[in-house]
Amino acid sequence: MRGFVRFVVILGLVAGAAGLWLTRPVHITDTDIAGLTGDPAAGEAVFWAAGCASCHSADDAEGADRLILSGGQAFPSEFGTFRAPNISSDATHGIGDWTLAQFLTALQNGISPEGQHYYPAFPYTAYRLAERQDLADLYAFMQTLPASDTPSEPHDVGFPFSIRRAVGAWNALHLRDDFAVEDDLSAEAERGRYLAEALAHCGECHTPRNALGGLDLANWLGGAPDPSGRGTIPNVTPGAIGWSEGEIAAYLNDGFTPDFDVAGGHMRSVILNMAELTEADRAAIAAYLLSVPDMP
């Protein structure tokens with residue numbers, strides 16, 4: 001009996017150690033990015049493609065106010081309500097004192113400078129696929145934006161989802177380093193895939209999720225319940241959307257559908273971002289959307 005108890009204790013210690021290792025925060029270091037520098041002019045395009053203003057500016061922000069990244073927008077889900085933090089250039093309340101390595105660690109590994117796991121309401125799962133040069137350019141651009149001294153608001157997440165270390169286990173199950181659509185694509189559609197999957201993170205809203213909140217990649221872009229509980233986010237695969245490449249590109253520019261309806265809700269903010277991209281990039285996203293597998 002004593003031997004059995006000893007075995008159970010040892011097994012528990014091994015399992016605990018394995019769990020701590022599996023859920024450990026992984027940081028990108030200065031050595032990893034030695035020589036990498038950012039260009040703020042190039043970073044502006046990345047900023048709009050990545051949709052930073054859609055979540056981190058005020059909910060009703062217009063024009064230049066969309067560049068004030070004071071946070072505060074609430075995002076309800078079945079796991080609790082998440083609130084976008086201040087990511088302005090303020091050194092105290094924002095990210096103004098972050099290094100490039102810390103910025104990349106947050107965007108690609110979901111880890112704060114303090115070593116805490118971010119919740120995947122922050123789409124680091126998508127930004128993980130982005131080129132580090134693009135993210136370095138984004139970092140350089142964001143340092144030029146206005147500082148805001150608005151404190152970040154806390155999330156409203158109850159137990160057990162409030163255990164941040166458990167997000168490390170979620171990451172082990174759901175973080176990926178490849179694109180959802182791996183079919184042979186044209187050069188234009190490949191560009192669109194990069195913009196849609198790695199930067200604009202279209203799948204975060206338009207793809208259904210499993211019981212743990214991970215994306216159901218087998219139903220990529222096949223539509224999903226709105227986390228707010230109000231309606232459904234549409235299926236945007238080719239058969240469901242039924243638009244031409246030109247019609248999709250035009251919608252991404254002005255928000256008007258071929259039937260003269262207009263984008264509403266959070267998509268309105270997405271359109272404001274897409275309108276800042278080049279015509280070629282909007283066409284590339286359209287080409288990609290017409291290349292993904294149909295979902296019923």
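**Why these names? A chat about helices, cysteines and a buried alanine**

Biologist: Let's start with Ala224. Which residues does Ala224 touch, leaving aside those up to four places away in sequence?

Modeller: In this predicted model, Ala224 touches Cys205, His206, Thr207, Pro208, Thr232 and Ile233, with residues up to four places away in sequence not counted. Ala224 is found in strand 3, residues 224–225. The C-alpha atoms of Ala224 and Gly203 are separated by 9.8 Å, and these two are 21 residues apart along the chain.

Biologist: What decides whether Ala224 is called buried or exposed?

Modeller: Its relative accessible area is 6%. Buried means under 20%, so Ala224 is buried.

Biologist: Cys205 was on that list of contacts. How do you know whether Cys205 is in a disulfide?

Modeller: We look at the sulfur atoms. The structure holds 0 disulfides. For Cys205, the nearest cysteine sulfur is that of Cys55, 7.8 Å away. A disulfide needs the two sulfur atoms within 2.5 Å, and Cys205 is in none. Cys55 is in no disulfide either, its nearest cysteine sulfur being that of Cys205.

Biologist: And why are Cys55 and Cys205 called partly exposed?

Modeller: Partly exposed lies between the 20% and 50% cut-offs. Cys55 has 23% relative accessibility, so it counts as partly exposed. Cys205 has a relative accessible area of 37%, so it is partly exposed too.

Biologist: On to the helices. What two values describe a packed pair?

Modeller: Two packed helices are described by the angle between their axes and the distance between the axes. Take helix 2 (residues 40–50) and helix 6 (residues 132–142): the angle is about 100° and the axes are 7 Å apart.

Biologist: What makes helix 2 and helix 6 roughly perpendicular?

Modeller: Angles of 65 to 115 degrees count as roughly perpendicular. At about 100°, helix 2 and helix 6 are therefore roughly perpendicular to each other. Pro40, Ala42, Gly43, Glu44, Val46 and Phe47 in helix 2 meet Asp134, Asp137, Leu138, Ala140, Phe141 and Met142 in helix 6. By class, that contact has 8 nonpolar, 1 polar and 3 charged residues.

Biologist: Why is the pair of helix 11 and helix 13 called oblique?

Modeller: Helix 11 (residues 245–254) and helix 13 (residues 279–289) pack at about 130°, with axes 8 Å apart. Roughly perpendicular stops at 115 degrees and roughly antiparallel begins over 145. The angle of about 130° falls in neither range, and the two helices are therefore oblique to each other. Helix 11 passes helix 13 in a right-handed crossing. Glu245, Ile248, Ala249, Leu252 and Asn253 of helix 11 make the contact with Arg282, Ala283, Ile285, Ala286, Ala287 and Leu289 of helix 13. Those residues comprise 8 nonpolar, 1 polar and 2 charged.

Biologist: What makes Glu247 partly exposed?

Modeller: Glu247, found in helix 11, has a relative accessible area of 32%. That is between 20% and 50%, so Glu247 is partly exposed. Its C-alpha atom is separated from that of Ala286 by 8.4 Å, with their positions 39 residues apart along the chain.

Biologist: And how is helix 11 placed against helix 12?

Modeller: The axes of helix 11 and helix 12 (residues 266–274) come within 6 Å and cross at roughly 100°. That makes helix 11 roughly perpendicular to helix 12. Tyr251, Leu252, Asn253 and Asp254 of helix 11 meet Met267, Ile271 and Met274 of helix 12.

Definitions and conventions
Residues numbered from 1 in each chain as written. Predicted model: local features only at pLDDT ≥ 70, side-chain atom pairs only at ≥ 80, totals over all residues. Heavy atoms only, no water. Axes fitted to C-alpha atoms, helices over the stretch in contact; angles between N-to-C directions. Helix = DSSP H or I, 4+ residues; strand = E, 2+ residues; numbered from the N terminus. Parallel < 35°, antiparallel > 145°, perpendicular 65-115°, else oblique. Left-handed = near helix turned anticlockwise from the far one by under 90°. Contact = heavy atoms within 4.5 Å. Nonpolar A, V, L, I, M, F, W, Y, C, P; charged D, E, K, R; others polar. Buried < 20%, exposed > 50% of the residue type's maximum accessible area, 1.4 Å probe, protein only.
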